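Biologist: I'm new to reading structures, and I'd love a close look at one part of this one. Could you take me through it slowly?

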Amino acid sequence: MKTEKGRQSSVFRGRLFLLLVVLAYLVLAWYNAPAAFHALRRGGLLLLRLLPVFAVVIGLIATVNYFLRPALIVRWLGRESGLRGWLLALLAGVISHGPMYAWYPMVRDLRSHGGRDGLVVVFLFARCIKVPLLPIMVDSFGLRFTLVLSGYILAGALVQGWLMERIQRN
Amino acid sequence: MFWSMAPLLVGIMGLVGLLETLVTPKMLATFFRGRPVADTLVGTLAGAAATGNPVVSYLLGGELLQQGISLYAVTAFVLSWVTLGVIQLPLEVEMFGVRFMVLRNLLALAGTMLIAVLTGLTVQVLS
């Protein structure tokens, strides 16, 4: 768990990063104003599109903090979680929506409550399977490719999670 | 906790807008040369550098296949579009630390290339 000082320096770094991005926009606007406005519009639309995802993430963080005691999280996603933990991480990765970084705050929260790093890796890699986009993948690459790739993604996620745990242990 | 990360998240989204404008799918397609091994690496790196909805990677991947680019390269491109993200590295470091970020991304990089090759081979065998 981060200390108050750590949290403040994290906020400072975030603001500094945002400032650098704003500067990049200003530089682009200086040389190519239409491109800068186009980029700003795309970024704004992305933010709007992600608002529901952020709402879900905030809701989940609140739920985790309010209902799930650390002991329960450790039992489900911690060292002793066993097969259930692996399957939960895999399922959560497959059904989660939106870009990976939108889920980072929730994953950090779970990690700080005792969630295993291996399961985090499984969750993040299993997100390659985008259930709502599967029909488009089938249309672009065919059903055979989609099924084979999805199978390898699930297996690959588990292998990576297992490797992460081995590396962490050593 | 979430709100303390808001400036970084907004910054990432601003950067995504910039990249989507400056690095077009057409530009990414020019990196492929039609050599399976090199293209698999290029596909992985191009996917990691690109941002946006994965649908774009599917559509672009379909186009690349029609242009004769290998299935290995296209699979690596589609996979790394989601699993690897150069743009989100600062946020990943901030959230999980440098060690975790490096390990996760190395595993994802190796996993992406291996899965791309295995998928290409399996689809060929099944065909």
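Which pattern does chain A follow, read along the sequence? And once that's clear, which elements of chain A give two or more residues to the side that touches chain B?

Modeller: Sure. First, this is a predicted model, where local features need pLDDT of at least 70, side-chain atom pairs count only at pLDDT 80 or more, and totals for chains, interfaces and linings use all residues. Residues are numbered from 1 along each chain as its sequence is written, while chains are lettered from A and ligands numbered from 1 in the order in which they are written.

Chain A reads α-α-α-α-α-α-α-α along its sequence. That's eight helices and zero strands (DSSP runs numbered from the N terminus: H or I of at least four residues for a helix, E of at least two for a strand). Chain B has seven helices and zero strands, and its C-alpha trace spans about 50 × 30 × 20 Å along its principal axes.

Now for your close look, the place where the chains touch. Chain A puts 52 residues into the contact and chain B puts in 48 (two residues are in contact if their C-beta atoms, placed from the backbone, lie within 7 Å). On chain A's side, the elements giving two or more residues are α1 (4-31), α2 (33-67), α5, α6 (117-126), α7 (134-141) and α8 (143-169). Of these, α1(A) gives the most, with 12 residues.

Let's zoom in on Phe125(A). Leaving aside neighbours within four places in sequence, Phe125(A) is in contact with Gly93(A), Gly156(A), Ala157(A) and Gln160(A), and with Thr83(B), Ala108(B) and Gly111(B) too. Phe125(A) also shows up in the largest nonpolar core, which has 71 residues (such a core is a set of buried Ala, Val, Leu, Ile, Met, Phe, Trp, Tyr and Cys residues joined through C-beta atoms within 7 Å). Val122(A), Phe123(A), Phe125(A), Ala126(A), Ile153(A) and Ile12(B) touch the most other members of that core. Its largest share, though, comes from α5(B), with 10 residues.

About that word "buried": a residue earns it with 20 or more other C-beta atoms within 10 Å of its own, is exposed with 12 or fewer, and is partly exposed in between, with C-beta atoms placed from the backbone. Among the 170 residues of chain A, 33% count as buried; for the 127 residues of chain B, the figure is 48%. Phe37(A), which sits in helix α2 of chain A, has 14 C-beta neighbours inside 10 Å, so Phe37(A) counts as partly exposed. From Phe37(A) to Tyr25(A) is 12 residues in sequence, and 8.7 Å in space, C-alpha to C-alpha.

Chain B offers a neat view of a helix with a buried face. In α6(B), residues 89-96, the buried residues are Leu91(B), Glu92(B) and Met95(B). Seen down the axis of α6(B), these buried residues fall within an arc of 100°, so they line one face of the helix (the arc is that of the directions from the helix axis to the C-beta atoms). What do they pack against? The buried residues of α6(B) pack against α5 (104-112) of chain A, along with α1 (6-22) and α7 (98-126) of chain B. Just after α6(B) comes Gly97(B), which takes a positive phi of about 95°.

Last stop, α3(B): its buried residues include Asp39(B), Thr40(B) and Gly43(B). The buried residues of α3(B) pack against α2 (25-29), α4 (54-66), α5 (71-83) and α7 of chain B.
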